[in-house]
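Subject: The structure I promised you

Hi,

Here is the structure for you to look through. Open it next to this email, and then read on for what turned up.

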Amino acid sequence: MRTLILMLLLGGPLAGVGEVFGGDWPQFRGVNSSGLAVGDRPLPVELGPAKNAIWKTALPPGHSSPVVSANRIFLTAVRDNSLVTIALDRSTGKIVWEAEAPCRQKEVIHRIGSYAQPSPATDGEVVVSFFGSSGLLCYDMHGKQLWHLPTGPFNDDYGAGSSPILVDDRILVNQDHDTDSFLMAVDKRTGSVIWKTDRSEFPRNYATPVIWQVNGERQIVVPATLRVVGYDFETGGEVWTVRGISRIVIMTPVVGQDGTLYVAAWAPGGDETERIEVLPFAQFAATYDKDGNGTLQENEFPDGPVRQRFRQFDRDKTGHVTKEEYESMREIFDAAHNVIIAIRPGGVGDITHTHVLWKYGRLLPYCPSPVVTDGLVFMVKEGGVVSCLDAKTGRPTKQGRVSGTAGYYSSPVAGDGKVYLLSQRGELTVISAEPQWQELSSARFEEDAYATPAVVNGRIYLRTAGHLYCFGLTDSSE
Ligand SMILES: [Ca+2]
Ligand SMILES: [Ca+2]
């Protein structure tokens, strides 16, 4: 506490106060998207609406995950019709400020989606929010808007999902949509674009980039349609690629403690047992181009998985699928493989090559990213099917169901020997982080849940459809 008072007296930056609060959870899934608890304080085995809740605050809806710095928690939401960034007091849960993002036109979202999907990022000096309907916004810790970089709405049916990350003095934003995909680095002080890399090769994807340190050099890793790419941190140039993943990637990669990179990728049609076959254009058009105009309109497609994805095939949304659009999507379906891959750097002094340590292709999730802890990779998919793989070999140690059997969007988080799993229907299951994991507890929130909890210094900040909860063992109060 003396440190805190001294810092305040000296007018020091709030970032310095972080130590008093026991660390930060700076972005989606915490430090470099790891999903690992910050600090080594014990975490509760049981938590639920009435168990180990320290405070609870009603919030407007939004799917973004809470991030934490010093005495503040930040998240985004849709209040009435407005896109807002909200700051809460970490000790009490009280809303401290709320800032509205300008919006001229709302993006298109999935029926269970939200206009507030990407999570904010903070470094204790600024907080940045990203909305597909507004762009990138930067605030100081008191909610004063410092700048706004307008982007979007994007050409996508599901809106923006990938979260911005803050590294040093730059913000990294990856947005893959049906056209005009890009990765960019933005100066956090001015909002100016430092570099912007064209990614129009990649249609819609939603993973958040991670930073991979290879031989002391930072690379930005983005997994997307058919391949993972490592980009140079300074220039945005492509350094390496690993091919052989899914058609769409939603899950965010994880860098393990030993520097191994884990990339999990799943999309419909990419399982070996359930492939979506797309006929060659000439063969297809001979039967289905009924008006003979050389392109395919939606009503010319027969019912089935391709017609359901008409708007993905019609990448530029002209209402017509050209031969070029059709064939490029056919190649993507043909080459797609749902898989989790463990990737190692190529060797000493070599930053441009990588090698695949192992691959595993069964029971993969769609949205929740893996978490790697205690030498194990944990994944949860719809139905509450949990897979635990040996992180060194990719061999399953135990696969089975937990009590929470709904769908899963929230990513698992781990700490204090436990893994926390939160289903779409607000079922929380806690399992032990061991090869033969066991279910330790389960609870129901009676509210839907999409956000990934933040776990900092013995506290778990968990967002449901209508609330933000703070959990913790009361005998370890801050
Ligand atoms: Ca036609
Ligand atoms: Ca078209």
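Start at Pro153, which sits in the loop between strand E9 (145–150) and strand E10 (165–167). The peptide bond that leads into Pro153 from Gly152 is cis, with omega near -5 degrees. Keep in mind that this is a predicted model.

Just after E10 there's another loop to look at: Asp168 lies between E10 and strand E11 (170–175). Its phi is near 50 degrees, a positive value in a residue other than glycine. Ser33, in the loop between helix H2 (18–21) and strand E1, also isn't a glycine and has a positive phi, of about 60 degrees. Are these two buried or exposed? Ser33 is buried, because its relative accessible area is 0%, while Asp168, at 48%, counts as partly exposed.

Now follow the chain to E1. This strand belongs to an open sheet of four strands, in the order E1-E36-E35-E34, and the pairing is antiparallel. Which strands stand at the edges? They are E1 (53–58) and E34 (454–456); each has a single partner strand, so one side of each has no neighbour in the sheet. From one strand to the next, the twist averages 15 degrees. As a reminder from class, strands of a sheet pair through backbone hydrogen bonds. Between E1 and E36 (residues 467–471) you can find five bridges, and Trp55 has Cys470 in E36 as its bridge partner.

E36 turns up again in the largest nonpolar core, which has 30 residues. Within this core, Trp25, Tyr461, Leu462 and Leu468 touch the most other members. Elements giving two or more residues to it include strand E3 (72–79), strand E4 (82–89) and E34, but the largest share, four residues, comes from E36. Apart from this core lies another one, of 17 residues, with Val214 and Ile341 among them.

Last stop: the calcium ion (ligand 2). Its donors come from Asp314, Asp316, Thr318, His320 and Glu325, at 2.3 to 2.6 Å. Along the chain, they follow the spacing D-x1-D-x1-T-x1-H-x4-E. Why is the arrangement irregular? The six donor atoms subtend angles of 51 to 162 degrees, and that makes it irregular. For comparison, ideal angles for six octahedral donors are 90 or 180 degrees. Two of the residues here sit in differing surroundings: Asp314 is buried, with a relative accessible area of 2%, whereas Asp316 is partly exposed, at 41%.

Happy browsing!

Key: Residues are numbered from 1 along each chain as its sequence is written. Chains are lettered from A and ligands numbered from 1 in the order in which they are written. This is a predicted model: local features need pLDDT of at least 70, side-chain atom pairs count only at pLDDT 80 or more; totals for chains, interfaces and linings use all residues. Side-chain values use heavy atoms; hydrogens and water are left out. Two strands pair if DSSP finds at least two bridges between them. Axes are lines fitted to C-alpha atoms, for helices over the stretch in contact, and angles run from 0 to 180 degrees between N-to-C directions. A nonpolar core is a set of buried Ala, Val, Leu, Ile, Met, Phe, Trp, Tyr and Cys residues joined through side-chain atoms within 4.5 Å. Buried means under 20% relative accessible area, exposed over 50%, partly exposed in between (1.4 Å probe, protein chains only). Donors are N, O and S atoms within 2.8 Å of the metal (3.2 Å for Na, K and Ca); water is not among the atoms, so sites may look incomplete. Four donors count as tetrahedral if all angles lie between 85 and 135 degrees; four count as square planar and six as octahedral if opposite donors are over 155 degrees apart and all others between 65 and 115; anything else is irregular.
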